[in-house]
Amino acid sequence: MSTDTFTWHSESDAPAPARTSPVDDRLNADLALKRLRRGEYLLYTGDFHNAKQLLGALARRLPKYTPPRSPLEAFRAERRARQQEHDVLSHLVVQLDRDYKLSLARAPDVSQACRWTWGEPTADTTLVPLKQLLGMLGAAEWRKKGLAVPGLAGLLHPHYGVYLPTRTDYVELLLRLPDVKGKRVFDVGTGTGVLSFLLLQHGAHSVQATDVDPRAVACAKENAERLGLQERFSVQQADLFPEGRADLVICNPPWIPEPPKNRVDRAVFDEDSRFLTRFLEGLPEHLTPGGEGLLLLSDLAVLLGLRPGGWLEEQLQRCGLQVKWKRSTPARHGKAQDASDPLHAARSREVTTLYCLAPS
């Protein structure tokens, strides 16, 4: 199949396959793995449920690494393993027609999930890694049914590719804020908009939100309308701050200072802490007199050895900022409790802190 005849979608911006080889339910996992490792793109044409089973069997056959000695080694090993898994499994692809119909036996209707993610079709044929399509289907279910967030009146409806706020640590910290009534707020890197909506429901006058990802912008806008907050909430695609100053500037930045490997990674990975350092550098000039910045940050990067202890304090001093107060809570997400997780030694000690910052 020529690349001129289909649209290719990959979250990691991998190039479109030059050619694909049709396979079906007769292909076993061992042979499939050999072919995928050679770089071959396999176009699955059999049964949808068998395709999912093949994907799971391939994942189980990928090599497991020896538990490393330190948290940093464990982190590096896990990232390498995930990258290897992506490189192999993303070569198992499926084909959609002009209406985003998946023509596999027992296949679900994937058209709505595809339109939500990509918009209307632009070619007669679309190719996509099966693993990615399954992720889109899962995200579409969250978007349809909504997600309950502690302290939020109403459901949040996340979009595919926008960080899913299933961790409630930082939300619970925000609920313990002093009075925010009447304050004008900037929300930098808003994602779904959840922090903005919590502040608005607790009396903030208005929120101007930004995000660099257009999918997050669309997600936050839709959620504001669903929650009836659109009159006091605005969102724009921008790198960091909106123009002007605010009484309160809030940010929950990516907390791992490593390069993202795909578009979805950007909510968690911040190469060389660039987002965070630029936020701290620009904060003072975006605060009204007496204004405050709110920074929500996990210490997982320090526990993993990716960032030295005392790094944040040094950056605050460099940027002319002081900590007026801070509140912390231990991590309670699933991975912090999972002793089989390769990073459990660090995640079990993770602490999330809400820092209230002001110019020195």
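## Pockets, cavities and buried side chains

Arg79 sits in helix α3. The model is predicted. Arg79 has a relative accessible area of 12% and is therefore buried, the limit being under 20%. A polar atom of the Arg79 side chain lies 3.0 Å from the backbone oxygen of Pro259. Beyond its neighbours within four places in sequence, Arg79 is in contact with Glu258, Pro259, Pro260, Lys261, Asp265 and Phe269. Pro259 thus appears on both counts: in the list of contacts and as the owner of the backbone oxygen 3.0 Å away.

### Open pockets

Helix α3 also matters for the next topic. How much space lies in the largest pocket? About 1,700 Å³. The lining of this pocket is made by 49 residues, and those closest to its centre are Arg82, Asn262, Val264, Asp265 and Val268. Asp265 is also one of the contacts of Arg79. Three elements give two or more residues to the lining: α3 (71-89), α5 (130-145) and α10 (300-304). Helix α3 provides the largest share, nine residues. By class, the lining of the largest pocket has 23 nonpolar, 13 polar and 13 charged residues.

The second largest pocket holds about 710 Å³ of space. Its lining has 37 residues, with Asp211, Pro254, Arg266, Ala267 and Phe275 closest to the centre. Here the elements that give two or more residues are β8 (184-188), α7 (194-201), β9 (206-211) and α9 (274-282). Asp211 falls within the range of β9, and Phe275 within that of α9. Helix α9 gives the most, with three residues. The lining of the second largest pocket divides into 20 nonpolar, seven polar and ten charged residues.

### Closed cavities

How many cavities of 30 Å³ or more does a search of the whole structure find? It finds two. The table sets out their volumes and linings.

| Cavity | Volume | Lining by class |
|---|---|---|
| Largest cavity | about 80 Å³ | six nonpolar, three polar, one charged |
| Second largest cavity | about 40 Å³ | six nonpolar, one polar, one charged |

The largest cavity is lined by Tyr163, Arg167, Tyr170, Asn252, Pro253, Trp255, Leu296, Leu297, Ser298 and Thr352. Strand β12 (residues 287-298) supplies the largest share of that lining, three residues. Leu296, Leu297 and Ser298 lie within the range of β12.

The second largest cavity is lined by Ala113, Trp116, Thr117, Met136, Ala139, Ala140, Arg143 and Tyr160. Both α4 (111-118) and α5 supply at least two of these residues. The largest share, four residues, comes from α5. Helix α5 also gives two or more residues to the lining of the largest pocket.

### His157

Where does His157 lie? It is in the loop between β7 (155-156) and α6 (169-175). His157 counts as buried because its relative accessibility is 8%, and buried means under 20%. The C-alpha atoms of His157 and Lys145 are separated by 7.4 Å, although the two residues are twelve apart along the chain.

Apart from neighbours within four places in sequence, His157 is in contact with Trp142, Arg143, Lys144, Lys145, Gly146, Cys219, Glu222, Asn223 and Arg226. Among them, Arg226 is joined to His157 by a side-chain polar contact of 3.4 Å. Another of these contacts, Arg143, also lines the second largest cavity.

### Cysteines

How many disulfides does a search of the whole structure find? Zero. Cys251 is in no disulfide, and the nearest cysteine sulfur, that of Cys319, is 13 Å away. A disulfide needs two cysteine sulfur atoms within 2.5 Å, so this pair does not qualify. Cys251 has 0% relative accessibility and counts as buried.

Cys356 is in no disulfide either; the nearest cysteine sulfur belongs to Cys251 and is 14 Å away. Is Cys356 buried or exposed? Cys356 is buried, at 0% relative accessibility.

Conventions: Residues are numbered from 1 along each chain as its sequence is written. This is a predicted model: local features need pLDDT of at least 70, side-chain atom pairs count only at pLDDT 80 or more; totals for chains, interfaces and linings use all residues. Side-chain values use heavy atoms; hydrogens and water are left out. On a 1 Å grid over the protein atoms alone, a cavity is a set of points where a 1.4 Å probe fits but cannot get out, and a pocket is an open set with protein on both sides within 12 Å along at least five of seven lines; lining residues have an atom within 4 Å of a point. Grid points are joined across faces, edges and corners, and a volume is the space filled by probe spheres set on the points. Ala, Val, Leu, Ile, Met, Phe, Trp, Tyr, Cys and Pro count as nonpolar, Asp, Glu, Lys and Arg as charged, and the others, Gly among them, as polar. Buried means under 20% relative accessible area, exposed over 50%, partly exposed in between (1.4 Å probe, protein chains only). A polar contact is a pair of N or O atoms within 3.5 Å; within protein, one must be able to donate a hydrogen and the other to accept it, and residues adjacent in sequence count only if both atoms are side-chain atoms. Contact means heavy atoms within 4.5 Å.
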